[in-house]
2 protein chains.
Amino acid sequence: MERSRELRPGQPAYRQIAEIMRASIQAGQFAEGDRLPSETQLMERFGVARMTVRAALQVLQHEGLAVAEHGRGVFVRRRQPFRRRSVQRLSRRHWGQGKAMWEADTAAQNRSFTATVDVSRGRAPDEIAERLRVPAGSEVIVRRRLHSVDGQPLQLSAAYLPAEIAAGTPIAEPDAGPGGTYARLDELGFRLKRFVEEVQARMPTPEEVRRLALLPGVPVITVTRVAYTSTGPVEVNEIVVNSDLYVLEYEIPA
Amino acid sequence: MERSRELRPGQPAYRQIAEIMRASIQAGQFAEGDRLPSETQLMERFGVARMTVRAALQVLQHEGLAVAEHGRGVFVRRRQPFRRRSVQRLSRRHWGQGKAMWEADTAAQNRSFTATVDVSRGRAPDEIAERLRVPAGSEVIVRRRLHSVDGQPLQLSAAYLPAEIAAGTPIAEPDAGPGGTYARLDELGFRLKRFVEEVQARMPTPEEVRRLALLPGVPVITVTRVAYTSTGPVEVNEIVVNSDLYVLEYEIPA
DNA sequence: CAGTGGTCTAGACCACTAA
DNA sequence: TAGTGGTCTAGACCACTGA
């Protein structure tokens, strides 16, 4: 097998092949959803062994540019982010009217929203206790949810509230009622003043890959939201979102 | 070479090895910065070929859990995010006092901040023109910056302003003066009312890997910020940050 | 220098898809 | 069934690190 003259010595072949394919995609030679040449075709074109071609395709997959489908081929990845407006979502006007948190987002965009909820009672992990400013190991109500849009899982979340506040209230029920947790807190006399969200990104754990049906090469965005009344925090929400499907939007006054 | 009984049929060996090593790391058997067993040692322990061990180590690297150093070994990755508070950074109180954008962040955390700036004049890309609400191909001033903290590159940004507004002003100079672009806009009569930031995450391009000195398995966070006066947008800033070193913080009123 | 990871080969067999 | 990608082997040679 003779090396193609497309490849220059000095740089590893697999990187050069990845670069050539990346350039072809960005130049529009392959559109979203198109099938790339098969491994066999690339072996012939570049005159390299199959593992070398596979290494190049792995690079593209880890960059999030391509997706392999077993038995079908390797395809240029499609993107279609869904929009989430934090400011609107968290305004009193919004949950004050008894709307579900997602309605503004989904209704406006003509998509169907579903969620599974699991509520439990347990001890707060150290980091959560610290953020809630309660003693380590305090009892908390945990609301774990998986949100999907059009059947596609989108977001995992775990909301922690001190049991002292939430136990025995609708917040400890799977269906917290119209307007959700924040509306109930308001009714219980916890007037929410502000939320602080900390945003990070990282590669997902295998568990997150499974539960969010993440494609290879797709990071997750994590949001840690703390809800404050004038006297202190009342809820901590650990959120993990599929970054492929999400744009977070924040509005900041000057 | 005989397969270790640690490995069960049904699951690929490289995934099982990755899972075993991941569990060891999370159980604390290997701390941040520790060297993992060498490829040779793992081959012997699990009774598999070198490429199989390498596939397992690749998984951990792509998850951002480990980093290979040529000739030295594979190490558990260290993490040390740097905190960025959007609300404070963008308040008039802050830039109104002539402070550099990063001072609040860096001074408070005892780190040294540097930036390189490149200013040019050119035509707005379509997406930018749309966000600025100017005709496609309009002339803009582009301020490209690379921010570093303690010598570690942290953030790339490209700020676009209509040439009509910014040409011939200090904004078109590399050093825009105390308080930066936003203070100058204010002086020019463009009273900033609000900023909207759109946050996404993705794997970096090879160019970003190079310029931000990103480790394998580290995604970037992209922030598209639009600055508005009461009459409309005056600046669009495309920001790309090293997600390994960054926590974005947003405060949202209820 | 020995030991480490980086690249690459030329096979093999398997599992999945679509005709 | 033919063609695709998924896993794995047993080598080879190279480049980098550190004693």
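Here are a few notes on this predicted model, centred on helix H3 of chain A, the two protein copies and DNA strand C.

1. A good place to start is helix H3 of chain A, which runs over residues 50–62 and has 13 residues. From first C-alpha to last, H3(A) reaches 18 Å, close to the 18 Å expected at 1.5 Å a residue. Just after H3(A) comes Gly64(A), with a positive phi of about 80 degrees.

2. Which residues of H3(A) are buried? They are Val53(A), Ala56(A), Leu57(A), Val59(A), Leu60(A) and Gln61(A). The partners they pack against are two helices of chain A, H1 (13–26) and H2 (39–46), and two strands of that chain, E1 (66–69) and E2 (73–76). As a reminder when looking at the spacing, an α-helix has 3.6 residues a turn, so residues three or four places apart point the same way.

3. Now to the pair of chains. Chain B superposes on chain A by a rotation of 180 degrees with 0.0 Å of shift along the axis, at an RMSD of 0.1 Å. That is the relation of a two-fold axis. The same surface serves both copies, as 100% of the contact residues of chain B recur in chain A.

4. Do have a look at the DNA side too. There are 22 residues around DNA strand C, and those that come nearest are Ala13(A), Ala49(A), Met51(A), Thr52(A) and Gly71(A). By character, the residues of this surface divide into 10 nonpolar, eight polar and four charged.

5. Which elements supply the surface near DNA strand C? At least two residues each come from H1 and H3 of chain A and from H2 (39–46), H3 (50–62) and E2 (73–76) of chain B. H3(A) gives the largest share, three residues.

Terms used. Residues numbered from 1 in each chain as written. Chains lettered and ligands numbered in written order. Predicted model: local features only at pLDDT ≥ 70, side-chain atom pairs only at ≥ 80, totals over all residues. Helix = DSSP H or I, 4+ residues; strand = E, 2+ residues; numbered from the N terminus. Expected span 1.5 Å × (residues − 1). Buried ≥ 20, exposed ≤ 12 C-beta atoms within 10 Å, placed from the backbone. Contact = placed C-beta atoms within 7 Å. Least-squares fit on C-alpha atoms with pLDDT ≥ 70 in both. Near = placed C-beta within 6 Å. Nonpolar A, V, L, I, M, F, W, Y, C, P; charged D, E, K, R; others polar.
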